[in-house]
Each structure stands twice: as structure tokens, then as C-alpha cells.
Amino acid sequence: MTEKEWQQAMTAAVTETLENMAFMEIQGDTGELTPIDDPVWVTLLVHEPAPGEFRLVLPKALLAAMAGNVYGPTAQLGEQQLRDLLAELLNTMAGRFLGRILPGEAFRLGIPQAGKGAPPPADPHACHWRFLAEELPLSLTASGAPLLQRRPA
Amino acid sequence: MKRIAIIDDSGCARMFIHKCLEIIGLGTAEIIEAADGKEALAKLGETPVDLLITDLSMPVMDGEALLRWVKGTPELRDLPVLIISSAGNPAREKKLLEMGAFAVLAKPISPVTLLHTLEPIIDALEDEKR
């Protein structure tokens with residue numbers, strides 16, 4: 001696997017997930033680390049075979065737009081349902097990504113943990129991806145030395 | 001009426017699978033939902049189902065343990081178990097199929113994929129009715 005394929009693996013995972021689950025198209029990795037207003041976030045641990053963590057951060061307005069696409073524009077959703085959607089999105093993105101970067105290897109994921117407000121500080125060695133959906137930013141981060149060791153040099 | 005159990009700790013995932021079932025023409029089926037394998041066992045003990053759709057990664061009792069329990073229980077051994085998971089890969093899929101899973105699909109599923117996968121089971125159920 002090349003560095004380009006590693007990057008594209010996440011782009012494909014995010015594209016497939018948002019198109020199929022939230023009926024939303026994304027613009028590819030913008031590479032810009034612009035701040036995310038009113039953020040909501042979710043983290044997911046990878047237990048095996050390359051321990052690490054994924055983090056998805058997006059503005060609450062984008063999550064609300066996704067929820068409207070999934071549940072219908074008039075649905076009255078509580079915090080728990082929004083967190084549930086956020087968790088399911090990251091779970092699916094992570095699975096798609098790992099399936100590509102660890103072909104043929106069994107992997108085990110943890111249970112997603114959602115939060116709002118400023119996310120915990122990111123590992124300085126983390127790998128970042130930035131996308132735009134409905135003109136709003138969406139950030140994916142992969143961290144943890146064993147997981148990042150799978151990234152091509 | 002067909003009964004379908006959907007087991008996933010994510011209410012969103014259960015809703016999404018339910019929607020896909022509706023789109024492929026199984027909207028009239030009675031849906032039984034549970035958030036983990038243990039809750040599913042309790043519900044399956046009360047109400048027999050025609051198809052079980054389960055996630056793999058769940059708290060309390062995961063999908064693999066649920067599959068093992070179903071295939072080890074004589075009254076449930078023939079129940080088709082469809083696994084829909086984000087943690088799938090060829091090696092694990094092979095293991096789950098060897099354990100008796102009917103099929104293993106990767107999230108996110110689409111109605112088309114679900115229909116294609118379930119077609120043999122839907123046909124069999126229709127044949128039984130005739």
C-alpha cells in the first residue's frame with residue numbers, strides 16, 4: 001500500500017458511508033485544518049490487530065442535516081439519537097477504512113464514545129483528513145502508534 | 001406474517017436496516033428489536049422469528065456469541081442469521097459462515113444488496129406458504 005492509497009482508503013470509506021447512510025455527497029480531503037464551529041465528536045478504539053483510535057468531529061449543524069436525511073426532515077430527535085447516528089457513522093467509516101488498509105486481517109473495534117464541545121486534544125502524531133459536506137467541514141483523525149505504523153512511510 | 005429480529009446496539013443502525021427491509025418489500029414483517037445478544041436471547045425465547053439480523057460488535061453479548069448460541073440450540077439451529085457489521089473482513093467472514101451464518105454483509109448496506117442477499121430466503125418462505 002502506498003501513502004496515496006492510505007489517504008484514499010479513508011476518502012472512500014467516508015464517501016461510501018455518507019452516500020449510503022446519510023444520502024450526502026462529500027468533497028474530497030480539503031487538507032485544511034480549519035476550526036469546526038459548535039463541534040460534536042465521537043471516538044472509537046481499535047483493539048486488534050493494530051491498536052489505535054479514530055475520531056470524527058463535525059459541526060452540530062452538519063449532524064442535524066444528516067439526521068434529517070436519515071430520519072426525515074420533520075423528525076424530532078433527541079440528543080441520544082443524534083449521538084447514536086454519529087457513533088454509527090464513525091463505526092462504519094472505521095470498518096470500511098480498516099477493511100482496506102488491513103486486507104485479510106481480522107480486526108476488533110470498541111464501542112463508540114460520543115461527546116460535544118471541544119474534543120480532547122489530538123495526538124500530535126495523528127493522521128488527519130478533512131472533508132466538506134453541504135459546505136460544512138468534517139474531520140477524521142487516526143491516532144495510536146500501532147495503527148499509524150501501518151501507514152506507508 | 002414474517003417476523004424478523006434486528007439486533008444492534010445502535011438504534012440508528014436498527015432503524016436503517018428496518019428502512020432497507022421496507023424498501024425491499026418486507027415492510028409488513030413484524031420487527032423485533034434488541035440492543036445486544038443477551039436481550040435478543042430473551043426475546044427469541046418468547047417469540048420465534050423467521051430471520052435474525054445482527055451486528056457483531058455489541059456490549060454484553062456480541063454477534064458472534066449470539067450466532068454460536070443460536071446454532072447450538074436445537075430449536076433455533078435452522079434460523080437464518082444474517083450478520084451486518086463494520087468489523088467484517090474475509091477471514092472473519094469465513095469463520096462466521098463456517099459457524100453457520102447465512103451471510104455476512106459489510107456496513108453500510110444498501111437495499112439492493114440486502115434484497116440480493118435475502119432473495120433465496122424470501123423465496124423459500126413464500127414456497128412454504130404455498
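In this predicted model, helix α3 of chain A packs against helix α1 (residues 11–26) of chain B, with the two axes 7 Å apart and an angle of about 75° between them. That angle falls in the 65 to 115 degree range, so α3(A) and α1(B) count as roughly perpendicular to each other. On the chain A side, the contact is built from A:Q81, A:D84, A:L85 and A:E88, and these meet B:G11, B:C12 and B:A13 of α1(B). It's a mixed bag chemically: the contact residues split into 3 nonpolar, 2 polar and 2 charged.

Zooming out to the whole interface, 21 residues of chain A are in contact with 17 residues of chain B. On the chain A side, the elements that put in two or more residues are α1 (3–21), α3 and β4 (108–109). Helix α3(A) gives the most, with 10 residues. Sorted by class, this side of chain A has 8 nonpolar, 8 polar and 5 charged residues.

Helix α3(A) also has business within its own chain. Spanning residues 79–101, α3(A) packs against helix α2 (residues 60–71) of chain A at an angle of about 90°, and here the axes are 10 Å apart. This pair, too, is therefore roughly perpendicular. From α2(A) come A:L63, A:M66, A:A67 and A:V70, while α3(A) brings A:L82, A:L85 and A:L86 to the contact. This time the chemistry is simple: 7 nonpolar residues, no polar and no charged. A:L85 turns up here, in the contact with α2(A), and again in the contact with α1(B).

Next, the nonpolar core. In soluble globular proteins, nonpolar side chains tend to be buried together. The largest nonpolar core in this model has 74 residues, and the members that touch the most others are A:L56, A:L86, A:L90, B:A5 and B:I53. Helix α3(A) supplies the largest share of this core, at 11 residues. Taking A:L56 as an example, and skipping neighbours within four places in sequence, its contacts are A:W41, A:V42, A:L86, A:L89, A:L90, A:M93 and A:L140. A:L86 and A:L90 are thus partners of A:L56 as well as being among the best-connected core members themselves.

Strand β4 of chain A holds another residue worth a look, A:L109. With 21 C-beta neighbours inside 10 Å, where 20 or more is the cut-off, A:L109 counts as buried. Leaving out residues up to four places away in sequence, A:L109 touches A:L44, A:V46, A:H47, A:N91, A:A94 and A:G95 in chain A, plus B:S57, B:S86 and B:A87 in chain B. By contrast, A:L58 sits 51 residues from A:L109 along the chain, and the C-alpha atoms of the two are separated by 21 Å.

As for the overall build of chain A, there are 4 helices and 7 strands, running α-β-β-β-α-α-β-β-β-β-α from the N terminus on. The C-alpha trace spans about 45 × 30 × 30 Å along its principal axes. A compact globule of 153 residues would have a radius of gyration near 15 Å, and chain A agrees, at 15 Å. Buried residues make up 37% of the 153 residues in the chain. Counting contacts in chain A with a separation of 6 or more, 67% are between residues 24 or more positions apart.

Conventions
Residues numbered from 1 in each chain as written. Chains lettered and ligands numbered in written order. Predicted model: local features only at pLDDT ≥ 70, side-chain atom pairs only at ≥ 80, totals over all residues. Axes fitted to C-alpha atoms, helices over the stretch in contact; angles between N-to-C directions. Parallel < 35°, antiparallel > 145°, perpendicular 65-115°, else oblique. Contact = placed C-beta atoms within 7 Å. Nonpolar A, V, L, I, M, F, W, Y, C, P; charged D, E, K, R; others polar. Core = buried A, V, L, I, M, F, W, Y, C linked by C-beta atoms within 7 Å. Buried ≥ 20, exposed ≤ 12 C-beta atoms within 10 Å, placed from the backbone. Rg over C-alpha atoms; globule rule 2.2 N^0.38 Å.
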